[in-house]
Amino acid sequence: MATDLETSLSKHLSPLFPLTHNPHFQPGMACATFHTLHDSPYLTLSRLINNKGIKPLTDIIPDAEPTNMQRFNYSQLIHFLFTHPMLMKGSRDETQFEIMCQTRKTKIRLLSTMYKTLQRDTSTPRPLYITSWENDLQLKITDTECTQIFTNVFHSSISNTSYESNHKRISRWHYTPSRIQHLFPTTSNDCWRCNQPNGTAGHIWWSCPIIQKYWQTILAMIATIVTINLPMDPKVTIFLLLPVHLPKLQKCLISHLLTVANTLIPLYWKKSDVPSVREWVQKTESIRLMNEINLSLTNLYARYIQTWEPWLKFMQTPSRT
Ligand SMILES: [Zn+2]
């Protein structure tokens, strides 16, 4: 376990962080001082703090009057916690594995128990980049939407280019002006398109006035092709979260069209203009052709026709852009 606060070995502090026997807790403290608090071999951070902050001594020792030594040690611990504010971030619930680590008795069939625990765990951890998108775009992504985003990306396309593009965008792989400024503080964080400050991922992919016009154009084209007016919403354009009532094949086509639109944006990275409709049509045609070949080879040509029919009709329209 990382006890070295100075080198910040881990950003994700564990509730099992040791307070007794911790070399950074200079006064030192014997396990016996708060022996009623813990059944683990040492006193852990989780016994001292919760999501509201440091627990009062009356909560820690509810059934007995604290001794003077316990009061003194409690004051020492508070001082230690305030000296290292990062310790206050360790107030999450303990995982099953962490609970197991604190058990004094050695479990029999430990590996099997851990394997079963992992199998039972149905929680879906939320990646930090989803939280970053929420902060950037000032929106809330629910756990259901989070799961749907990854399902959409996984099934987005048989094209490796599209698949990779979706992964990179969602995981904020690209270097935006704000990210570059974070690495090199003397550089500007101005958007390269509109020259406004604070060129975050949210700005570059969505709120920049120039990229907003691009998305308006793409959504207007999609409305022409599939006769559905999708909302101007970053959940639709960036995360491919489409209205639930849409038929599956229609969602499939729209996902292809939006994925292509997103794939083209990095081609214009650090350029003042945005991709043209002509480029979008050409790239979509290459994806359609790949789908046609793939589904033909797997005897699913009927599904290809059903999915791409609106696009094929659009391509036959003489007046299309
Ligand atoms: Zn901009």
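## Reasons behind the labels

Modeller: Arg 172 lies in the loop between α7 and α8 (177–183). The model is predicted.

Biologist: Why is Arg 172 called buried?

Modeller: Count its neighbours. Arg 172 has 20 other C-beta atoms within 10 Å. The cut-off for buried is 20 or more. Arg 172 meets that cut-off, so the label is buried.

Biologist: What is said of the phi of Arg 172?

Modeller: Its phi is positive, about 55°, although Arg 172 is not a glycine. Asn 299 also has a positive phi, near 55°, and is not a glycine either. Asn 299 sits in the loop between α13 and α14.

Biologist: Is Asn 299 buried or exposed, and what makes it so?

Modeller: Exposed. Asn 299 has 8 other C-beta atoms within 10 Å. The label exposed needs 12 or fewer. A count of 8 satisfies that, so Asn 299 is exposed.

Biologist: Back to the loop between α7 and α8, where His 174 also has its place. Why does His 174 count as partly exposed?

Modeller: His 174 has 14 C-beta neighbours inside 10 Å. Buried takes 20 or more, and exposed takes 12 or fewer. A count of 14 falls in between, so His 174 is partly exposed.

Biologist: Which residues does His 174 touch, leaving out those up to four places away in sequence?

Modeller: Lys 168, Pro 266 and Trp 269. Its C-alpha is also 8.1 Å from that of Ala 201, which is 27 residues away along the chain.

Biologist: Thr 161 is in helix α7 (residues 160–170). What makes Thr 161 partly exposed?

Modeller: The count is 15 C-beta neighbours inside 10 Å. That lies between the limits of 12 and 20, so the label is partly exposed. Thr 161 and Thr 263 are 102 residues apart in sequence, yet 7.9 Å apart in space, C-alpha to C-alpha.

Biologist: Next, helix α2 (residues 68–83), where Gln 70 lies. Why is Gln 70 called partly exposed?

Modeller: Gln 70 has 18 C-beta neighbours inside 10 Å. Buried starts at 20, so 18 falls short, and it is over the 12 allowed for exposed.

Biologist: How do you know that the buried residues of α2 line one face?

Modeller: First, which they are: Asn 73, Tyr 74, Leu 77 and Leu 81. Seen down the helix axis, they fall within an arc of 105°, so they line one face of α2. They pack against β2 (53–54) and α1 (57–60). The face turned away carries the exposed residues Asn 68, Ser 75, His 79, Phe 82 and Thr 83.

Biologist: What span does α2 reach, and what is expected?

Modeller: α2 has 16 residues and reaches 23 Å from first C-alpha to last. The expected value is 22 Å, and the two are close.

Biologist: How do you know that α14 (residues 301–316) falls short of a straight helix?

Modeller: Compare the ends. α14 has 16 residues, and a straight helix would reach 22 Å. Its end C-alpha atoms are only 19 Å apart. α14 bends by about 60° at Trp 308, and Pro 310 follows within four residues. Thr 307, Trp 308 and Pro 310 are its buried residues. They pack against α10, α12 and α13.

Biologist: Which residues have the most contacts inside the largest nonpolar core?

Modeller: Ile 211, Ile 218, Ile 222, Leu 257 and Ala 261. This core has 34 residues. Elements giving it two or more residues include α10 (209–226), α12 (248–264) and α13 (277–297). Apart from it lies another core, of ten residues, among them Leu 43, Ile 49, Tyr 74 and Leu 81.

Biologist: How many helices and strands does the protein have?

Modeller: 14 helices and two strands. Buried residues make up 24% of its 321 residues.

Biologist: What is the predictor's confidence, as mean pLDDT?

Modeller: The mean is 84, and 86% of residues reach 70 or more. Among the elements, α10 has the highest mean, 96, and α3 (residues 96–101) the lowest, 75. Over residues 1–5 the pLDDT is below 50.

Biologist: Why does low pLDDT call for care?

Modeller: Where pLDDT is low, the predicted coordinates should not be read in detail.

Methods:
Residues numbered from 1 in each chain as written. Predicted model: local features only at pLDDT ≥ 70, side-chain atom pairs only at ≥ 80, totals over all residues. Core = buried A, V, L, I, M, F, W, Y, C linked by C-beta atoms within 7 Å. Expected span 1.5 Å × (residues − 1). Bend = angle between axes of the 7 residues up to and from the residue. Contact = placed C-beta atoms within 7 Å. pLDDT = per-residue confidence, 0-100. Arc of directions from axis to C-beta.
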